[in-house]
Structures are given as structure tokens and as C-alpha cells.
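Q: I am new to this structure and would like to be walked through it. Could we begin with one helix and then move on to the chains?

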Amino acid sequence: MDRRPVLHRRALLVALALGAAAVPAAAQDPVKVGLVAALSGQSAKSGEAITRGLQVAIDEINAGGGVLGRRIELVRRDDESNPAKGLVAARELVQREKVAVVFGGIDTPVSMAIVPFANGAKAPFMGVWAAGTPITRNGAAENYVFRVSAVDELVDEALVAQAARKGARKPGLMLINNPWGESNEAGLKKALAAAGLPAAGIEKFGNDDIDMVPQLARLREGGADALFLVANVQPAAQVVRSLDRMGWPVPVVSHWGPAGGRFTELGGPRAETVDMVQTYSFSGRLSPKGEAVLAALKARYPEIRTLSDVTPAVGIANAYDAMHLAALAIARAGSTEGPAVRAAFYEIGPYQGLIKTYARPFSPGNHDALSREDYIFTRFSGPEIVPLTD
Amino acid sequence: MLVLSALVSGLAQGAMYGLVALGYHVTFAVSRTVNFAQGSAMMLGAVLGYVLGVREGWPMPLAVAAALALCAAFGLLVERVLVRPFVRRGSEAWLMATVAGGLVLDNAAMFAFGKEPRALPSRLAERPVEILGLGLYPLQLVIPVVGIAVAAALHLLSRRTAHGRALLAVVQNPTAARLMGIDVGRAVALSYAGSTLLAGIAGLLIAPLSSVTAEMGTLFGIKAFAVAIVGGIGSAPGVVAAGLAYGVVEALATALVGSSWTQIVVFAAVIGSLALRPNGLFGAAGPRKV
């Protein structure tokens, strides 16, 4: 009589063991990946774009069986564009949530705060927007920071080349007065020197400045025949409105800041004449991959109806490719351990991505998957960002 | 040309500082307290103007009237909840309370309005007109006119009318004023409503030139407070004059020395002016009570 319960227990154990083996991959603990980005504040739209790019890639990977036989799950934290908050969030994601890779946001200062922690904790950190040169070129002996985005120093070379193409001989610099502006001041000076062009002047402005006429008037007096613009959408809009008031038809070549918001709504008609660097645009003729990703975006996020809802495309496209590259690295590493994943990043490729086909995206000497040849120049047309076709 | 253009844009910019700074003056003149949520009230005017006039599609005059009425109501609320209870206890904590009130409003606005800067269109800020070879939006000329007119009206109101003199009596001696039949509580509450109303007007005037965001009032509020102190917070014409001077110095510094030097030059000028005239350019030292 007292044997029956024992039998039952054994039967139960056997059943459990059999069951565990038969459980589909997806029911195991997921592989977590983290995102630390601005989900609120002026740059909230950037965090939304990155989230969408990552999520669409994750959906694709999970539909194909996940990675290491496990589902991928995204864990997001808001850095509020604040470096201290970003660092706390990254630490929490790595130490408590045990994420395999941390993805970063739009703000270079936040990413710069996370870089030393990522290298110290041996946690792979993937930049998908912030373009500050030293984020990936950080001098660490074991560098855990990778990036699928533009690099300021290379963008500055591209901006100078674009201005020269438009016939500029003496461009002026209009820069936001913060570390991002400073990093580009150095880069633009270097690129101008390399191209043998003098600068007409260097002017700065604050994020909340309304009237940039005094700065622009100085550059005009200095003989500027083109302007380089480095600023986010709000001050950039004030720059073009001031140009409009002055009636000065000087060509403007811009870093990608204005793409982060409603540049034409805020800046008026003159905003449509600004050349802007981007890594990707969903406008124009798309590759089959581009069509597929756009369709997936529309299906998952019904609020995306027109192409103006997928601007800025860079956040979506960079995040999408970066997520796939990270999944390939995790699969290659066969584990989610930081050092193994880092080593695997060097071994992946070729991968046919959204922005381009990555032959060998990363090597010990190069942690940036995109190079100058991958940048495109675009303009706003109404609310949409379209590639220049010249 | 460089100097002329800086002068004109400096005057337009300075008039905006002056208009917000007048709000600080109004409550100070009546109650010796200051509403540090003034910058947030300016933001409230602009955000409500955008939400009602653009998002909800109300006719603009109606949207502006409603926005200003709500700004005035915000002033009444600030006085009732964040100032009066502390003043009654003889505490100076209204200072921190109004700062905190402004932060609460900024964040609530960010939550309700959204995080993206939006444009408040105005026919007065669409096409520039050319004056003396300079391009200006008509609105840039309207703002100094409004600022100077409001300052003049306040000055006349307080010096030439019985009502205005009654308000000023409140600050001299509240007890005596009360004995003379002046409703002190009402006078102070009205001054708060007036101060946030002015800030709301400033917000609605500035928004078409810049953009509407939940954070637009923060820096403006601080600069306007510097202007109020430099001008002599007790004097309406002084505050507006200091606003214009602040804007002109800012623009001239940028045009002549370069934008890297703007803040250094401007705040050195603020310190210098306070060292020379500690009570402000137009302020008078009050009688000291021993």
C-alpha cells in the first residue's frame, strides 16, 4: 500500500525529464539584450526609433528559432539623456538582468559614461546612434565597445567633401555649444586642413537660443561661402530661420542632428535646402531587404503609416543591423559570456544587412561597422527625408 | 552693419526678457515675494496656445484668451498653495516652493504635451520684412512695443490710480492697509495672477519665433530674473530697460567678440552693473527699518 506513492513519484520524475527534453527552445530562459537610450525628453523620438529597429530584428530572429535555441528578449531603460542615469542603467542591466549585449542611444556623453564600465565589466556595448569618435576608439586594451553608426571624425570628412563638391572655398562653422559641437570642431578643422580649405570662422550657439543672426552675420563678414551645421533639431531650425531672415542663400551642409525631429515644421521652407548626412533612408527605391523591413515595421507598429513616420531612419536601420550582428556573434560564441561574444564579433560576416552587406564588420583594429563610403546625403522634403540623387 | 543688425536683434530678444521679468516685478512690488515658477508660466502660455489653437483647432483668438485665462488661474494657485501658507508663518520657504511648483508644471507638461518641440505658426513670423537692410519678422517689432506698453501701463497704474496706490500701500504696511479697508489677500492674489498672465503673454509672443517645448521656460526664467535684479525689481520701467540692455549686450558681444565669449561678457556686465548699482539700474534703496 505504501509503495504506490513512490511509484507515482518515479513516474512523475520520468515524465518531467522527458518533458524537459521535449520543451521547445522558446520556452527556456530567454537571452536578454539591453537598451540604454533617451526614452523621454527632447530626444525621446530617437529612443523610439532604436526600439523599433531592435524589436523588428528580434522578431525575425525569434521567428527563426532564436539564438542558442533561446528566444531573445529586449529590456529597456531610460537614460533621460543624462550620463549618470545612463551609467546606473547599464550597470543594472549587466549585473541584475544579465543582458548579453547593451545597446546605446543618441547621446554621445551618455555613451562615453558607459564605455569605461563596459570595458571593466567585460560587457559588450553596441552603439547604434551616438557618433562621438572616442566611443569606439577609447584606448582600452580589451575594447568591448562596437558600433553600427556614423563616426564624427569620418562624418566631418564627408561634410567637407560635400561642401567642396558644392564649390565651397571658405566654409564657416555653426556649432552647438556642447561636447558634441566640440568634437566636431576638432574633426572639421582637421578635415578642412586636409582638404587645404581655410575656415571663414567658427561660431557657437546654445540649445535655447532663438536669434542666430549675430553669429551668422560674423560668418558672412568673414567671407563664408558655405556653412557646416552641427546641432539638434531645435537650434538647427533657429539657424535656418535666421538665415531666412537675413536673406542669405548660403549652402548649408549639416551633421544628422536635424533628422531627429520636425525640422521643416520648426525651420520653415529654408529647412528643405539643407544637405544632411545619414546612414540610411527608407525613401526612394528600396532593396528587397528594405521593403521587407518597412513592411515588418508597419505590421508591428500600426501608427507607422507614411514614410515620414520612419524618420529618422538611421536609428531604426542602425539598430536593426546591429541586433542581427549581435545575434550572429552570440550564436558564433555559443554562449552569452562577454569575452566569448566579444571575440566572436571579430569572426562574423559576411552578413547581408539593411544598410549594406557587411563583409567583415569588425576587426581588432576597427570596431565601427560603417565607414565613410556608407554615408549618404539627404534633404527634408516636407516631413520626409529623401536621398540626394545628384 | 554688424553692429546695427546686432542692435536690432538684441532689442527684440531683450524685450522678451523684459516682459517675463515684469512678472517678477509685479508680485515683488505688492508682496515682497517672487514667483519662481514664472518661466514655467511662460511655457504654459505657449503650450496651451499650441494645444488649443493647433492641436484642437480652436480659432486662434479664442485659444489665446483661454490660454491666458488658465495662466492667470495658475498664478492664483501658486499664490494660494505655494506662497500664502509660508508667508503667513513668516517663513521664506515660498522661494523653494515656487521653484518646485515650476518643476512640477514643467514635468506635467512634458507628460501631457509630449517631448517633441513643435511649431506655433503665426502670420507675424512667416515672411521677414526688410528694415534698414535687415530682415526681421514683424513679430520681432511687436514684442518690444508690447513690453514697453505693459511697463508704461503698470507704471501709470501704480502711480496715478487709487487702485494702484492701494496695491503699493499693501507692501508698505499690510496692517495699516488692512485698517484702511484694503483687501490685502486679494491684492496679493491679483498680483500673482497678473504676473503669470504677463508670462503667458510672453510665451505666446515668443513661441512663433522659437518653438514650443515643455522645457522652454527654464533658461528664460533664469535670464529674466537676472534682468529683474539688474533693472531694480521694484521698478517696471527699470526692468524693461534692463531687459533691452541685456539683449543688446548679448547680441553685441556675440557680433563683436564672438559667440564663445557671449556668456562671459554678459554675466561680467551683470556683475559689474550690480557692483555699481546694488539696488539695480532704476531701483531705489528701501527705507531700512531698525
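**Helix α8 and the chain contact**

A: In this predicted model, helix α8 of chain A, residues 213–221, is mostly covered, with eight of its nine residues buried.

Q: Which residues of α8(A) are the buried ones?

A: They are V213(A), P214(A), Q215(A), L216(A), A217(A), R218(A), L219(A) and R220(A).

Q: And what covers them?

A: The cover includes elements of both chains: β6 (172–176), β7 (201–205), β8 (227–230) and α9 (233–246) come from chain A, while α1 (2–31) and α10 (236–256) come from chain B.

Q: What about the backbone just after α8(A)?

A: There, G223(A) adopts a positive phi of about 90°.

Q: Turning to the contact, how many residues does each chain bring?

A: Chain A contributes 29 residues and chain B contributes 25 residues.

Q: Which elements supply the chain B side?

A: At least two residues each come from α1, β2 (134–136) and α10 of chain B. The most come from α1(B), which gives five residues to the side touching chain A.

Q: How do the residues on that side of chain B divide?

A: There are 11 nonpolar, 11 polar and three charged residues on the side of chain B that touches chain A.

Q: New topic: what does UniProt annotate on chain A?

A: An unreviewed UniProt entry carries the annotation "domain: Leucine-binding protein" for residues 30–358 of chain A.

Q: How much helix and strand is in that span, and how far apart are its ends?

A: Residues 30–358 of chain A are 46% helix and 15% strand, and the end C-alpha atoms lie 27 Å apart.

Technical notes
Residues numbered from 1 in each chain as written. Chains lettered and ligands numbered in written order. Predicted model: local features only at pLDDT ≥ 70, side-chain atom pairs only at ≥ 80, totals over all residues. Buried ≥ 20, exposed ≤ 12 C-beta atoms within 10 Å, placed from the backbone. Helix = DSSP H or I, 4+ residues; strand = E, 2+ residues; numbered from the N terminus. Contact = placed C-beta atoms within 7 Å. Nonpolar A, V, L, I, M, F, W, Y, C, P; charged D, E, K, R; others polar. UniProt positions renumbered as here; feature names shortened; annotations may be inferred.
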